[in-house]
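Me: I would like to learn how to read a single-chain model feature by feature. Could we go through one together, taking the general idea before the particular case?

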Amino acid sequence: SNTLEDFDFGLPGLYAMGSGDAPLVLLEFSDYECTTCAAFHEMVYPKIKSEYIDTGKLYYVALNHPQPNHATAQIAAEAAYAAGLQGRFWDMRALLFANSLYLNAQAIADLADALDLDREAFDAVMVRTQFREQVLAERECGGRMGVGGTPSFILATKSGDHALDGTLLEGGLLWSKIDRELSRRLEQEPP
């Protein structure tokens, strides 16, 4: 099924932005080594943020879906969460996408340094693989909802801590397509 009947935001460690009162939610399933994901974050995501997230129309949830053929994607996702413990999740996420072609363990360590993270604390989290199960749970969750490749998105109606009646959108979405889908959904919402 390409629809989402009910997604509960109870996953631990979930990172989201936007108003909790937003009428729509966009769940993004991405892989930090995916060049299409990186292109989406460079060209389309800033427009979504300024026109929908920052205006209170959209609640945006970042989820991981590391692909098996990307050797560093799982570790990169864990690194974003490790940076999140120091309040730098979104910054690390942006750097990981910006460097998607060059990710390896050393590159990730260099990004942690570029963010001026407490490296001892960051490295301890990475060594313990503290977020391994979280990332795997997100991948499994996406798989249950029909997510195969990345990037994939589920656009749904937001109701409290749940997303209802969602539609799977796959691939590197063009701004025109995502803008049209978001506008259409907003027009369907009751006043």
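Me: Leaving out residues up to four places away in sequence, which residues does Thr72 touch?

Reply: A word of care comes before the case, since this is a predicted model. Once residues up to four places away in sequence are set aside, Thr72 touches Glu33, Leu103, Asn104 and Ile108. Thr72 itself sits in the loop between strand E4 (58-64) and helix H3, and it is buried, with a relative accessible area of 11%. A C-alpha distance can be read beside such a list: Thr72 and Ser100 are 28 residues apart in sequence and 9.7 Å apart in space, C-alpha to C-alpha.

Me: How many helices and strands are there in the protein, and what pattern do they follow along the sequence?

Reply: The protein has eight helices and six strands, and, read along the sequence, they follow the pattern β-β-β-α-α-β-α-α-α-α-α-β-β-α. The radius of gyration is 16 Å, close to the 16 Å that the globule rule gives for 191 residues, so the protein is as compact as a globular protein of that length. Taken along the principal axes, the C-alpha atoms fill a box of roughly 50 × 30 × 30 Å.

Me: What share of the contacts with a separation of 6 or more comes from residues 24 or more positions apart, and what share of the residues is buried?

Reply: Of the contacts in the protein with a separation of 6 or more, 77% are accounted for by residues 24 or more positions apart. Buried residues make up 48% of the 191 residues, while the accessible surface comes to about 9,000 Å², with 50% of it belonging to carbon and sulfur atoms.

Me: How should I read a nonpolar core, and which residues have the most contacts inside the largest one?

Reply: The general idea is that, in soluble globular proteins, nonpolar side chains tend to be buried together. In this model the largest nonpolar core has 26 residues, and those with the most contacts inside it are Tyr32, Met92, Leu96, Leu103, Ile108, Leu117 and Phe122. Helix H3 (73-84), helix H4 (89-98), helix H5 (105-114) and helix H6 (119-127) each supply at least two residues of this core, and the largest share of it, seven residues, comes from H3. A second, separate core of 18 residues includes Leu26, Tyr52, Leu58 and Phe153.

Me: With its neighbours within four places in sequence left aside, which residues is Met92 in contact with?

Reply: With those neighbours left aside, Met92 is in contact with Ala79, Ala80, Ala83, Ile108, Leu111, Ala112, Leu115, Leu117 and Phe122.

Me: Turning to the backbone, which residues other than glycine have a positive phi, and where are they?

Reply: Asp116 has a positive phi of about 60 degrees although it is not a glycine, and its place is in the loop between H5 and H6. Phi of Thr129 is also positive, near 45 degrees, and Thr129 is found in the loop between H6 and H7. Accessibility can be read alongside the angle: Asp116 is exposed, with a relative accessible area of 69%, whereas Thr129 is partly exposed, at 35%.

Me: Which residues does a cis peptide bond join?

Reply: A cis peptide bond joins Thr150 and Pro151, with omega at about -5 degrees. Pro151 is placed in the loop between helix H7 (132-144) and strand E5 (152-159). Met145 also lies in the loop between H7 and E5, and Met145 is buried, with a relative accessible area of 10%.

Me: How far apart in space are Ser183 and Lys57, and how far apart are Met145 and Ser183?

Reply: Separation in sequence and distance in space should be read as two quantities. Ser183 and Lys57 are 126 residues apart in sequence and 9.8 Å apart in space, C-alpha to C-alpha, while Met145 and Ser183 are 38 residues apart in sequence and 23 Å apart in space on a C-alpha to C-alpha basis. Ser183 lies in helix H8 (residues 175-188) and is partly exposed, with a relative accessible area of 26%.

Me: Finally, how far apart are the mean positions of the positive and negative charges?

Reply: The protein has 15 positive and 28 negative charges, and their mean positions are 4 Å apart.

Notes
Residues are numbered from 1 along each chain as its sequence is written. This is a predicted model: local features need pLDDT of at least 70, side-chain atom pairs count only at pLDDT 80 or more; totals for chains, interfaces and linings use all residues. Side-chain values use heavy atoms; hydrogens and water are left out. A nonpolar core is a set of buried Ala, Val, Leu, Ile, Met, Phe, Trp, Tyr and Cys residues joined through side-chain atoms within 4.5 Å. Buried means under 20% relative accessible area, exposed over 50%, partly exposed in between (1.4 Å probe, protein chains only). Helices (H or I, at least four residues) and strands (E, at least two) are DSSP runs, numbered from the N terminus. Contact means heavy atoms within 4.5 Å. The radius of gyration is taken over C-alpha atoms; the globule rule is 2.2 Å times the number of residues to the power 0.38. Accessible areas come from the Shrake-Rupley method with a 1.4 Å probe; for residues, only the protein chains shown count as cover. Lys and Arg count as positive and Asp and Glu as negative; His and the chain ends are not counted. The place of a charge is taken as NZ of Lys, CZ of Arg, CG of Asp or CD of Glu.
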